[in-house]
Amino acid sequence: MSTIFYMVFNMSYKEKTIWISLLILLYIWGDYGFSLLALIEQQQLTQTNVNSLLKVVIFKTIALEIILNIVLAVISAKDANVDEDERDKQISLRASKYAYVVLSVGVALAIFYTLAPMLNAFLLPDTQLAYHEKIIQIIIIFMVSAEITRMSSQLFFYRRGF
């Protein structure tokens with residue numbers, strides 16, 4: 001337990017904000033994924049249900065990010081105004097490179113899915129979602145995956161050293 005407190009207190013402000021954002025992303029968007037699966041099981045995956053669920057998820061994400069980053073800025077007031085140094089910029093660039101690969105794969109798969117409509121029967125079968133809504137869900141999945149990749153990579157490079 002004391003090791004966790006030692007790690008938290010020895011993290012930079014930037015690293016703490018990344019941890020907060022990653023945990024929010026995993027919690028809220030993970031819940032979104034499980035909610036979609038529940039809607040599929042109940043055969044209620046309609047455009048209206050997905051859109052209302054998406055609105056709630058986006059609102060929760062924005063609200064939690066704002067609240068928790070304000071709390072962190074108040075707690076670590078002296079570190080909050082420190083500019084990024086060269087190491088932070090290098091870590092961010094390197095992590096963005098990995099996220100870009102994930103996002104590019106997702107875009108390529110969305111394009112492939114658009115060009116091969118026969119896959120429609122295999123992806124989200126027996127749903128009432130329109131074809132374009134399925135493509136939007138593919139894009140959302142890979143956008144969230146790219147963000148998870150970026151933040152996880154940044155945290156890895158902060159811990160490992162760059």
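Leaving aside neighbours within four places in sequence, glutamine 137 is in contact with Tyr32, Leu36, Val50 and Leu129, and this residue makes a convenient point of entry into the structure, which is a predicted model. Glutamine 137 has its place in helix H6, and because its relative accessible area is 5%, it is classed as buried. Two of the residues in contact with glutamine 137, Tyr32 and Leu36, have numbers that fall in the range of helix H2, residues 13-41, whereas another, Val50, has a number in the range given for helix H3, residues 47-75.

The next residue to consider is isoleucine 138, which is likewise found in helix H6, the element that covers residues 131-160. Isoleucine 138 counts as buried because its relative accessibility is 11%, under the 20% that marks the limit for that class. The C-alpha atom of isoleucine 138 is separated by 8.4 Å from that of valine 107, although the two residues are 31 positions apart along the chain.

From there the reader can turn to helix H5, residues 86-115, where tyrosine 113 has its place. With a relative accessibility of 3%, tyrosine 113 falls under the 20% cut-off and therefore counts as buried. Between the C-alpha atoms of tyrosine 113 and tyrosine 131 the separation is 9.9 Å, and the two residues are 18 apart along the chain.

These local views can be set within the chain as a whole. The secondary structure comes to 6 helices and 0 strands, so that the pattern read along the sequence is α-α-α-α-α-α. Of the contacts in the protein chain with a separation of 6 or more, 79% are accounted for by residues 24 or more positions apart. Buried residues make up 31% of the 162 residues in the chain, while the accessible surface comes to about 10,500 Å², with 69% of that area belonging to carbon and sulfur atoms.

Helix H2, which runs over residues 13-41, has 29 residues and reaches 42 Å from its first C-alpha to its last, a span close to the 42 Å expected at 1.5 Å a residue. Following H2 comes glutamine 43, which is found in the loop between H2 and H3. The phi of glutamine 43 is near 55°, a positive value in a residue other than glycine. Such a value deserves a remark because most residues other than glycine have a negative phi. Glutamine 43 counts as exposed because its relative accessibility is 60%, over the 50% required for that class.

Beyond this loop lies helix H3, where isoleucine 58 is found. At 40% relative accessibility, isoleucine 58 counts as partly exposed, because that value lies between the 20% and 50% limits. Isoleucine 58 belongs to a nonpolar patch on the surface that also includes Ile62, Leu64, Ile66, Ile67, Leu68, Ile70, Val71, Val74 and Ile75, and together these residues have about 900 Å² of accessible area.

A last consideration is how much confidence the predictor attaches to these parts of the model. The mean pLDDT of the protein chain is 85, and 86% of its residues reach 70 or more. Among the elements of the chain, helix H3 has the highest mean pLDDT, 92, whereas helix H1, residues 2-9, has the lowest, 54.

How values were computed. Residues numbered from 1 in each chain as written. Predicted model: local features only at pLDDT ≥ 70, side-chain atom pairs only at ≥ 80, totals over all residues. Heavy atoms only, no water. Helix = DSSP H or I, 4+ residues; strand = E, 2+ residues; numbered from the N terminus. Buried < 20%, exposed > 50% of the residue type's maximum accessible area, 1.4 Å probe, protein only. Contact = heavy atoms within 4.5 Å. Areas by Shrake-Rupley, 256 points an atom, 1.4 Å probe, with all protein chains shown as cover. pLDDT = per-residue confidence, 0-100. Expected span 1.5 Å × (residues − 1). Patch = residues over 30% accessible without salt bridge, like charges linked within 9 Å, V, L, I, M, F, W, Y side chains within 5 Å. Salt bridge = Lys/Arg side-chain N within 4 Å of Asp/Glu carboxyl O.
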